[in-house]
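Student: I should like to understand how the terms for a protein structure are justified. May we examine the reasons one by one?

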Amino acid sequence: MNEDNAAVRVIEDLRAAAQAGRAGDRMPSVRELMTKHRASPATVQQAIQHLTAEGLVEVRPGRGSYIARRATPKSQDLSWQAVALGEGRPGEDLVANLVAVPKPEVIPLSSGYLDPDLQPMDALGAALTRAARRPASWGRVPVEGKEELRAWFAKEAGGELRAGDMTVCAGAQEALATVFRGLAERGDAVLVEAPTYLGAIAAARDAGLKVVPVPADDHGVRPDLLRAAFEHTRAKLFYCQPLHANPHGAVLAEERRPEVMEIVRTAGAFLVEDDWARGFTIDGTAPPTLASQDTDGHVVYVRSLTKVAAPGLRVAVIGARGPAGIRLKNTRSRQDLYVAGPLQEAAIDFVTSPVWRRHLRTLQQSLRTRRDALRREVREHLPEFEVARSSGGLHLWARLPDGVDDLELTAAAAARDVVVFPGRPWFAAEPQGCFLRLTYGGAPEHVLAEGVRRLADAVAATRR
């Protein structure tokens, strides 16, 4: 341990000397360093080798070590790429910005993932360790994924879906990309709720589809406008989040569900059910999936474990029956052969153990407390914000008061080390006002409170 500490001291000393001096200056000798840091010759030599590998020191045999000459970077002209790449793709950076890792000093008031304190790290680590020890985990995996995992997802979805209808993917974003590429042709229209998950908008556009918004309200997508959109576009896909829709939190009302299903059946179309928030219901009981009420194979089911567990558990599934399921499996295989075996084994271990249900119970209690705390803070410090009701999920959807622009407010908040996400990108066409998505699942209560106070200061700054 002492030698380890000595090595660190020698390395830091040499690095400081190299950075402060000029190229060609002689560095302290081995003997000097041994005396100064009470280190062995081997430790000093290892430290010098470390700095040599970094390019800060050069060793001249028989003469000692010297500060290395720093290569002057050549000026590079990359302007040719603008011609080669051609027309830009507006909004393609939005998903990357949404999932960017914030700096430690920044308060995350918008995040797509759980606060690390809410993630079952120990259980996942233990499951992955057990999976890694099984030799079979490292072998070839079926393209559609391990049967036990597919069977679990099928049981969770309910209805007529079986293990054979499921295809495992590396996260929901890949699953959505597979669905849009597999079930539609470039130039086709896809209907989406307005607002809706911007990752779905990006995936659809990346597949060359025309994204057509259908307005939603507090009870989910409006059936009258959905019917009109199908008649107008002849679309064959409708992307829907019936449970705690991201970003606005609405749950598709019970009385609307049969009508929505009938509209899709009449259009001869597929309803892509993104069941991202299964496990996040904190008030009442979550309704069953739409897939469980589908008798004719119109629902394509998508669910991920990433949001409800941890960002590193990149395991999701697509469920579809008949030729659609076969096509999606084939599309998935062309993008990436299969999800790593150890990760699938760890997922099976985790979701089939008692710790899974305990995690969900604890998570729902914590999310309820944090949601209520964030609501209180917004009500106290930002009383002009109109916050949509939310019975689950991770987010609050807030309409901004007149005169406050969502993009300007986002920039003003960032200047105060607060991350919020503007509402505009969540609309596939013109936004229905100015909104912010505020997340209660990504930070502890005291951090949320401080974030809201800073956000209130940002609002005041935009009005000056």
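**Reasons behind the terms**

Tutor: The largest nonpolar core has 78 residues, of which Phe 238, Phe 385, Leu 438 and Leu 455 touch the most other members. Helix 14 (residues 354-381) supplies the largest share of this core, six residues. The model is predicted: local features need pLDDT of at least 70 and side-chain atom pairs 80 or more, while totals for chains, interfaces and linings use all residues. Residues are numbered from 1 along each chain as its sequence is written, and side-chain values use heavy atoms, without hydrogens and water.

Student: What makes a set of residues a nonpolar core?

Tutor: Such a core is a set of buried Ala, Val, Leu, Ile, Met, Phe, Trp, Tyr and Cys residues joined through side-chain atoms within 4.5 Å.

Student: Why is Thr 281 called buried?

Tutor: Buried means under 20% relative accessible area, exposed over 50%, and partly exposed in between (1.4 Å probe, protein chains only). Thr 281 has 10% relative accessibility, and therefore counts as buried.

Student: Why does Cys 434 count as buried, partly exposed or exposed?

Tutor: Its relative accessibility is 24%, so Cys 434 counts as partly exposed. Cys 240, by contrast, is at 0% and therefore counts as buried.

Student: How do you know that Cys 240 is in no disulfide?

Tutor: A disulfide is a pair of cysteine sulfur atoms within 2.5 Å. A search of the whole structure finds zero disulfides. For Cys 240, the nearest cysteine sulfur, that of Cys 169, is 19 Å away.

Technical notes:
Helices (H or I, at least four residues) and strands (E, at least two) are DSSP runs, numbered from the N terminus.
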